[in-house]
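Thanks for sharing this one with me. Here are my notes, point by point, for you to read beside the model.

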Amino acid sequence: MKLTQDELKKFDEDGYLFFPGRFTPEEATLMKSEADKIYQTERKEVWREKSGVARTAFAAHTYNETFRRLGAHPRLIEPVQQVLDGSTYMHQFKINAKAAFDGEVWQWHQDYGTWQRDDEMPEPRAMNIAVFLDDVTAANGPLLFIPGSHKQGVVAAGHDLETTSYPLWTLDRETVSALADKGGCVAPTGPAGSVLMFSSLLVHASPPNISPIGRTIVYLSLCHVDNHIRAFNREEWIAHRDFTPIEALGDDCFDALINTETQAAE
Ligand code: SIN
Ligand code: MN
C-alpha cells in the first residue's frame, strides 16, 4: 500500500492520516478475539487499571501468531517505510484496551518525548500506526490529536508516574492550550479495522471511557533501523532491543487464520 502525493502532503501538514475500514470486519474480529484472550492471561506484559481490567498488553507480536503477522502486515509496514524512507524495526507493540466504564485517561503527550528521554532514540524518525479493533466513537474514549503539533519538535514535559499505571512524559495545560489555539483538537473515529498513522511528535491524549462500550486499539511503533535506541532503561518487552528490519508479509497473511477460526466454529 503506497501513499499518494496528496496523502504525503496531508501527513506532513497535519501529522496524521486516517484510513477508515483498511482491515475487513473478519480481520478485525480475528484480532479482537485474540486480544481478549491475551487480556485474560496473567502475563507480565499485560498491565491493568486500578480496577483490575486490562489497560495494555505489550509485545503480543512476540507470543501470539495473529499479532506476529500484524507486526509485519504490508498495510502497516509499507506506508511507514515510505514516510521514514527505509527499513524499520519494531520499537514498541501494544494493544490498548479502554474498557467499558473503567478505561482510564492517557494524558497529553508526544510518544517521541518518552522515546528520546527514556530510551535515547536519536531522532524522531519513528512513528505509530494503529488499527481499531472495536468501532471507535465519540463515546468510548477516542484518541484526541492536535493537528500540526508535530511541527513543534520535542516540547517541554514532566514525568508523570502517578496518574495511571504507565509512566509517561506529559505536557502541561498551558502548552496544550497554546498548541490547540493554532491546530484545534480532533478525534478520528471509525469502524473496527480502521487504520490511523501518526507522527511520533504529534501531541495526543485520550479521555477515560465512561461508556458501556469497550475500545481496543493496537499500535505498532516503528523506527528506522539506523535510528535504534541507545539506552536500555526499560524492559525489553516495552522498548525492544531487536533491531532486525521487518520484512512485510503478503496482503492475505490473515486468511489462513480466519479460515482456521471458521472451521473451528463449524
Ligand atoms: C497512547 O497514546 O500511546 C495510547 C492512547 C490510547 O490508546 O488511548
Ligand atoms: Mn502515545
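**Notes on the fold and its contacts**

1. Setting aside neighbours within four places in sequence, F132 is in contact with F18, P188, T189, G190, P191, A192, G193, S194, L196, T216 and I217; contact here means heavy atoms within 4.5 Å. F132 sits in strand β6, where strands (E, at least two residues) and helices (H or I, at least four) are DSSP runs numbered from the N terminus. With a relative accessible area of 1%, F132 is buried; buried means under 20% relative accessible area, exposed over 50%, and partly exposed in between, with a 1.4 Å probe and protein chains only. One of its partners deserves a look in your viewer: the C-alpha atoms of F132 and A192 are separated by 4.9 Å, although their positions lie 60 residues apart along the chain.

2. Before going further, a word on the basis of these notes. This is a predicted model, in which local features need pLDDT of at least 70 and side-chain atom pairs count only at pLDDT 80 or more, while totals for chains, interfaces and linings use all residues. Residues are numbered from 1 along each chain as its sequence is written, chains are lettered from A and ligands numbered from 1 in the order in which they are written, and side-chain values use heavy atoms, with hydrogens and water left out.

3. Now the overall picture. The protein has seven helices and twelve strands. Its radius of gyration is 17 Å, close to the 18 Å that the globule rule gives for 266 residues, so the protein is as compact as a globular protein of that length; the radius is taken over C-alpha atoms, and the rule is 2.2 Å times the number of residues to the power 0.38. The C-alpha trace spans about 55 × 40 × 35 Å along its principal axes.

4. Burial and long-range contacts can be read together. Of the 266 residues, 53% count as buried. Among contacts with a separation of 6 or more, 84% come from residues 24 or more positions apart. The accessible surface comes to about 11500 Å², and carbon and sulfur atoms hold 52% of that; the areas come from the Shrake-Rupley method with a 1.4 Å probe.

5. On charge, there are 25 positive and 39 negative side chains, and the centres of the two sets lie 2 Å apart. Lys and Arg count as positive and Asp and Glu as negative, with His and the chain ends not counted; each charge is placed at NZ of Lys, CZ of Arg, CG of Asp or CD of Glu.

6. Helix α4 (residues 74–84) is worth following closely. Its buried residues are P74, R75, L76, I77, P79, V80 and L84. Which elements do the buried residues of α4 pack against? They pack against helices α2 (25–39) and α3 (65–70) and strands β4 (88–98), β6 (126–132), β10 (195–199) and β12 (215–224).

7. Two backbone positions could use a second look. D85, just after α4, takes a positive phi of about 60° although it is not a glycine. D85 counts as exposed at 59% relative accessibility. A59 also has a positive phi of about 60° without being a glycine; A59 lies in the loop between β3 (54–58) and α3 and counts as buried at 1% relative accessibility.

8. For the aromatic rings, Phe, Tyr and Trp (its six-membered ring) pair if their centres lie within 6.5 Å; planes under 30 degrees apart count as stacked, over 60 as edge-to-face and the rest as tilted. The count comes to eleven aromatic pairs. The rings of F23 and F254 have centres 6.3 Å apart and planes at 50°, so this pair is tilted. F23 in the loop between β1 (16–19) and α2 is thereby linked to F254 in the loop between β12 and α7 (255–265), 231 residues apart. Both F23 and F254 are buried.

9. F198 and Y219 make an edge-to-face pair, 6.4 Å centre to centre with 85° between the planes. The pair joins strand β10, home of F198, to strand β12, home of Y219, 21 residues apart. F198 is buried at 0% relative accessible area, and Y219 is buried at 5%. Y16, F145, F198 and Y219 form one aromatic cluster.

10. Lastly, T66 in helix α3 is buried, with a relative accessible area of 4%. Not counting residues up to four places away in sequence, T66 touches L30, M31, E34, F254 and L257.
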